[in-house]
Amino acid sequence: MSATDAPQGLRRWLPLFLIVGLFFLWGAANNLNDVLIAQFKKAFVLDDFQAGLVQSAFYLGYFLVAMPAAMFMRRYGYKQAVVLGLVLYGAGALLFWPAAELHTYGVFLFALFVIATGLAFLETSANPLMTVLGTPDGATRRLNFAQAFNPLGSIAGVLVGQHFILAGVEHTPVQLAAMSAAERATYYADATHAVQLPYLCIGLVVLAWAVLVLLARFPAVTAPHALATHATGRDGVLARLLRDRRFTGAMAAQFFYVGAQVGVWSYTIRYVQATMPGTSAASAANFILAGLVCFMLGRFAGTALMKYLAPVRLLLAFALINVVLALYALAWPGLSGALALVACSFFMSVMYPTIFALGVEGMDDDERKLGSALLVMTIIGGAVLTAAMGKVSDLAGIARALSVPALGFAVVAWFAWRRLPRAGNAGG
């Protein structure tokens, strides 16, 4: 290889490397929330509904910003949307430092909302951008490669939370009651400050990544395209999408799927500690880690199975299995129920991309971009169903709260069953 070939090779591969890294970064942010719920419950003495507001604030950001992110991307291009998303993500992470100093739960929720607005930009732009960073015939392979880094980021996020946030001493309610007011205040402050350093590091890494993306030379195809069609209005793209019952069915399925997934992961630590007394939060986090490993394995297994089985049929089978697993964890709380929740992750793995693909199937480029934004907006299900789980848990116990994700998986199964008449007999 000549001296001139090396810089050219670097310019060709650097944008791909930088965008693949985004999948890792937002996976870490998503699953750190599962740790934050346990930590904030301890630091602010919250009930399950109040702790669940972590996910509500987070996914509200997705809901409100996904469509503006799509509009921004259509006007200014993929690269600019990625840079703005990273800046918002980094700024939200840095807000954790003053939030801990103030010891104010509402400021933490605002910081999570800012992070989520950044992730909405990243998720809306990174998937289509991966398809244009190279030859058209390699687009699917590149996107699958990038998506494999998402659960790796999730695992990294839980490990960071487990070893740097949940590593502090835990006191029982009896021990806390025996403390003086000053001792309790110190304990709560220490629990809050535990999040400062991890999120400071995350914020600095994300902002450095934004600088790298800004400086990198991306292919010309990432430039803004001419807006040939109107997004709004009676005959606009959005109106056409919302009149399409197949697409709105996919939106409903995605809403309930994300709610079920986020609910299962958010309350795994709480479920394990409640049904297996004496288990520390750090030890309970191992069940989330095991679930994330299952989730990653399920993606590879599901992709392989789709060579022999239509994706919609696999979606139906996996959704029905998860209804059974969630109800099992409800009926038999304890170790076996916790293992059922871990197993749920394996079968959840194919749901989001399969519902997404079925939702945008047959669309033109503009419909696909705005349809993608609408599907990202349905991530608000993570806020709604997680809060619902918290309320059911406060009223009837954490085990019975698993009726909420069981309902979510049942809706996914209904969606897949409705799509069966249009499915072929083999995957593609």
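**Exercise 1. The nonpolar core.** In this predicted model, find which residues have the most contacts inside the largest nonpolar core, and which helix gives the most to this core.

Solution.
- Step 1. The largest nonpolar core holds 146 residues.
- Step 2. Inside this core, I19, F40, L86, F96, Y199 and Y257 are the residues with the most contacts.
- Step 3. The helix that gives the most to the core is α1, residues 5–44, with 17 residues.
- Step 4. Take F40 from the list: leaving out residues up to four places away in sequence, F40 touches V45, L46, V54, F96, Y105, F108 and V195. One of these, F96, is also on the list of residues with the most contacts in the core.

**Exercise 2. Two residues with 0% accessibility.** State where N33 and A285 lie, whether each is buried or exposed, and what each touches.

Solution.
- Step 1. N33 is placed in helix α1, while A285 belongs to helix α15, residues 281–305.
- Step 2. Buried means under 20% relative accessible area. N33 has 0% relative accessibility and therefore counts as buried. A285, at 0% relative accessibility, is buried because of that value.
- Step 3. With neighbours within four places in sequence set aside, N33 is in contact with V54, Q55, F58, L112 and Y199.
- Step 4. Not counting residues up to four places away in sequence, A285 touches V158, Q162, L166 and I269.
- Step 5. R270 is 15 residues from A285 along the chain, and 9.6 Å separates their C-alpha atoms.

**Exercise 3. Helix α13 and two partners.** Describe how α13 crosses α20 and α17, and which residues make the contacts.

Solution.
- Step 1. The axes of α13 (residues 245–266) and α20 (residues 381–396) come within 7 Å, with a crossing angle of roughly 50°.
- Step 2. α13 and α20 are therefore oblique to each other. The crossing of α13 past α20 is right-handed.
- Step 3. On the α13 side the contact with α20 includes F255, F256, V258 and G259; these and further α13 residues meet G381, G382, V384, L385, T386 and M389 of α20.
- Step 4. For α13 and α17 (residues 335–348), the axes come within 10 Å and cross at roughly 150°. Here α13 passes α17 in a left-handed crossing.
- Step 5. Y257, Q261, V264 and W265 of α13 make this contact with L341, S345 and M348 of α17. Y257 is also among the residues with the most contacts in the largest nonpolar core.

**Exercise 4. Positive phi.** Locate V45 and H103, give the phi of each, and classify their accessibility.

Solution.
- Step 1. Most residues other than glycine have a negative phi.
- Step 2. V45 has a positive phi near 55° and is not a glycine. H103, also not a glycine, has a positive phi of about 50°.
- Step 3. V45 sits in the loop between α1 and α2 (48–51). H103 sits in the loop between α5 (96–102) and α6 (105–132).
- Step 4. V45, at 54% relative accessibility, counts as exposed. H103 has a relative accessible area of 32% and is partly exposed.

**Exercise 5. The whole chain.** Summarise the secondary structure, burial and confidence of the protein chain.

Solution.
- Step 1. The chain has 21 helices and 0 strands.
- Step 2. Of its 428 residues, 55% count as buried.
- Step 3. Among contacts between residues at least 6 apart in sequence, 83% join residues at least 24 apart.
- Step 4. The average pLDDT is 85, and 87% of the residues score at least 70. Over residues 222–229, however, pLDDT is below 50; over residues 423–428 it stays under 50.
- Step 5. Where pLDDT is low, the predicted coordinates should not be read in detail.

Key: Residues are numbered from 1 along each chain as its sequence is written. This is a predicted model: local features need pLDDT of at least 70, side-chain atom pairs count only at pLDDT 80 or more; totals for chains, interfaces and linings use all residues. Side-chain values use heavy atoms; hydrogens and water are left out. A nonpolar core is a set of buried Ala, Val, Leu, Ile, Met, Phe, Trp, Tyr and Cys residues joined through side-chain atoms within 4.5 Å. Buried means under 20% relative accessible area, exposed over 50%, partly exposed in between (1.4 Å probe, protein chains only). Helices (H or I, at least four residues) and strands (E, at least two) are DSSP runs, numbered from the N terminus. Contact means heavy atoms within 4.5 Å. pLDDT is the predictor's confidence in each residue, from 0 to 100. Axes are lines fitted to C-alpha atoms, for helices over the stretch in contact, and angles run from 0 to 180 degrees between N-to-C directions. Angles under 35 degrees count as roughly parallel, over 145 as roughly antiparallel, 65 to 115 as roughly perpendicular and the rest as oblique. A crossing is left-handed if the near helix is turned anticlockwise from the far one by less than a right angle, and right-handed if clockwise.
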